[in-house]
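Subject: Structure for your review

Hello,

Here is the structure I promised to pass on. My notes on what turned up in it follow below.

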Amino acid sequence: MADVVARLIGEKLHLTINNMTLTQRSDGAWVFPEVNVEPLAYDPAVMSAVQYSPVIGQSLGQGKSGGMDETLVQAFLAKAFPQAKTTTTYGDLVPAIATNLTLSGGTVPRLSGEHPLLGLLGFAYELGNALTDVSAEHRIGINNAAGGSALSYSVKGGAAYSSTMAALTAAKNFASSIGKSVFYTGPAIYQGESNLNDTKAQYLAPFVQLAADHSADGQAITGQTLPPALFTYITCSNPLNTATRSGVARAQHFGAIDYATGASAVPIILSTPTYFMASMYDPTGLHYPADWTYMLGAYARLAQYYCYELASDLPLNERFPPMHPVNVEVAGAVMTVTYQMRRPGLSLEWGVADRPNGDGFALQEDYGFAAHDGTTLVPLNTPEIIGTNQIRFTLGSGTWGNGYRLGYALDRPTKNHLFFKGNGGNLRDNHGDTVRCARMNLPMHNWAAPIDINIGASNVWSMS
């Protein structure tokens with residue numbers, strides 16, 4: 001027998017059946033949400049091309065991780081160009097395992113653990129393993145991340161940009177020599193820690209320009225139809241600067257939100273936040289251990305897979321949307337937030353499931369949420385998941401009003417991280433129930449990114 005619940009929140013009726021939230025169409029009919037099922041069709045133009053996927057940023061991208069096991073034998077065929085070379089040819093390629101070092105040629109064992117490019121190309125091999133007509137050797141990249149570098153190192157005119165584009169030209173020349181085209185996904189970027197005193201506005205403008213330049217210049221070189229995108233993570237190494245309020249993290253998130261919602265035409269895709277990743281076993285005290293550094297790259301490749309390799313009638317900005325609020329309703333002490341997700345089913349996760357070495361992701365205070373009245377924190381009752389895509393927040397006292405805000409992953413220092421000073425939370429969807437990284441045996445859930453929900457006059461809401 002179906003469990004049917006009807007709730008009137010404000011002036012809007014919310015209907016759930018067996019904990020699944022229905023939506024009401026314009027004709028008045030109530031329908032179940034569509035569940036994303038993995039498509040079986042691939043884009044032949046992308047899959048048959050030589051794909052080029054660089055990594056840029058600072059030390060998390062460069063690969064100075066440590067702790068746990070390191071991969072000393074590469075289990076797949078993908079190769080990469082040596083780091084930071086401004087002139088290069090296909091003959092310079094080395095196994096991807098070696099490319100967090102500047103090489104003049106040959107195979108050099110890594111000295112400092114995994115790097116995201118290895119995870120990106122390794123997960124590309126996993127995703128394409130069943131496709132016999134695709135050569136793993138035609139998935140190539142370059143690691144142009146440099147430890148301690150600010151965003152200025154990666155933007156057009158900086159050292160990393162010219163090297164990244166030179167390698168793209170080399171990849172194109174190689175593709176032409178074997179009768180193929182080249183496809184540029186755009187770079188995966190791991191940068192932000194060296195700009196942590198930037199406000200959201202200060203970081204967002206050059207960040208968006210970086211994406212626009214890669215998109216325009218890359219498309220001009222390759223001639224491809226779909227534009228290259230900037231695939232960003234979200235830094236959580238945050239000194240809790242109350243003046244900037246995680247300005248870099250929010251800028252990275254909003255670059256992706258603005259593109260996903262059509263507010264910006266510059267292609268920025270959010271691959272993942274990082275607060276749920278473990279730093280406990282990194283002896284350097286600064287980075288992630290080998291498995292999670294690999295996962296940083298795997299998440300970027302998952303985004304590229306959905307954006308480019310899978311055939312889709314959706315516009316590019318809707319193929320891999322970030323998890324973010326799409327509706328907020330306020331009634332007295334109750335706020336109900338509806339989230340955009342890749343796979344319906346919200347979760348407030350904590351515990352030791354799917355974690356190596358007993359490293360469970362701890363329950364964060366209030367699951368990472370915090371309510372403000374504009375001046376100070378306000379008591380918040382335990383958040384309640386409603387159906388598949390909504391969460392209800394009830395104040396412990398008083399009512400939501402003009403000037404109030406609900407913050408996520410902005411006020412609660414992340415537990416279970418020995419060295420990071422960042423903030424975190426426990427909110428995710430269930431995408432990892434169907435998508436896993438086999439090499440690391442870890443689920444690839446879509447975790448919510450830091451954000452403020454602001455309540456204005458007449459309960460009009462906005463994000464910042």
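A residue counts as buried here when its relative accessible area is under 20%, as exposed when that area is over 50%, and as partly exposed in between. R392, at 16% relative accessibility, therefore counts as buried. Please keep in mind that this is a predicted model.

Overall picture

The chain has 464 residues, and 58% of them count as buried. Its secondary structure comes to seven helices and 27 strands. About 17,700 Å² of the chain is exposed, with carbon and sulfur atoms supplying 54% of that area. For contacts between residues at least 6 apart in sequence, 71% join residues at least 24 apart.

Nonpolar cores

The largest nonpolar core has 78 residues, and F369, W400 and L427 touch the most other members. Helix 7 (residues 290–309) gives the most to this core, with 13 residues. Another core, of 36 residues, lies apart from it; L151, A167, A175 and L196 are among its members.

Leaving out residues up to four places away in sequence, W400 touches V330, G332, A333, V334, M335, A371, L380, F393, L395, R405, L406 and N459.

Salt bridges

Side chains of opposite charge can pair when their charged atoms come close. The structure holds six salt bridges. Three of them are described here.

E309 forms a salt bridge with R139, with 3.8 Å between the closest N and O atoms. E309 belongs to helix 7 and R139 to strand 10 (residues 139–145), so this pair ties together parts that are 170 residues apart in sequence. Both E309 and R139 are buried.

A second salt bridge joins the side chains of E384 and R392, at 3.2 Å from N to O. R392 is the buried partner at 16%, while E384 is partly exposed at 34% relative accessibility.

In the third, the side chains of D452 and R405 meet at 3.9 Å, N to O. D452 sits in strand 26 (residues 451–455) and R405 in strand 22 (residues 405–408), so the pair ties together parts that are 47 residues apart in sequence. D452 counts as buried at 2% relative accessibility, whereas R405 is partly exposed, with a relative accessible area of 23%. Salt bridges that share partners also join R139, R301 and E309 into one network.

A five-stranded sheet

Strands 22 and 26 also appear in an open sheet of five strands, in the order 19-18-22-26-27, with antiparallel pairing. Strand 19 (377–378) and strand 27 (461–463) stand at the edges with a single partner strand each, so one side of each has no neighbour in the sheet. Strand 18 (residues 369–372) pairs with strand 22 over four bridges, in the antiparallel sense. Within that pairing, A370 has G407 of strand 22 as its bridge partner.

Helix 3

Helix 3 (residues 116–128) has 13 residues and reaches 18 Å from its first C-alpha to its last, close to the 18 Å expected at 1.5 Å a residue. Of these 13 residues, 11 are buried, so the helix is largely enclosed by the rest of the structure. The buried residues are P116, L117, L118, G119, L120, L121, G122, F123, A124, L127 and G128.

Regards

How values were computed
Residues numbered from 1 in each chain as written. Predicted model: local features only at pLDDT ≥ 70, side-chain atom pairs only at ≥ 80, totals over all residues. Heavy atoms only, no water. Helix = DSSP H or I, 4+ residues; strand = E, 2+ residues; numbered from the N terminus. Expected span 1.5 Å × (residues − 1). Buried < 20%, exposed > 50% of the residue type's maximum accessible area, 1.4 Å probe, protein only. Contact = heavy atoms within 4.5 Å. Areas by Shrake-Rupley, 256 points an atom, 1.4 Å probe, with all protein chains shown as cover. Core = buried A, V, L, I, M, F, W, Y, C linked by side-chain atoms within 4.5 Å. Salt bridge = Lys/Arg side-chain N within 4 Å of Asp/Glu carboxyl O. Pairing = 2+ DSSP bridges.
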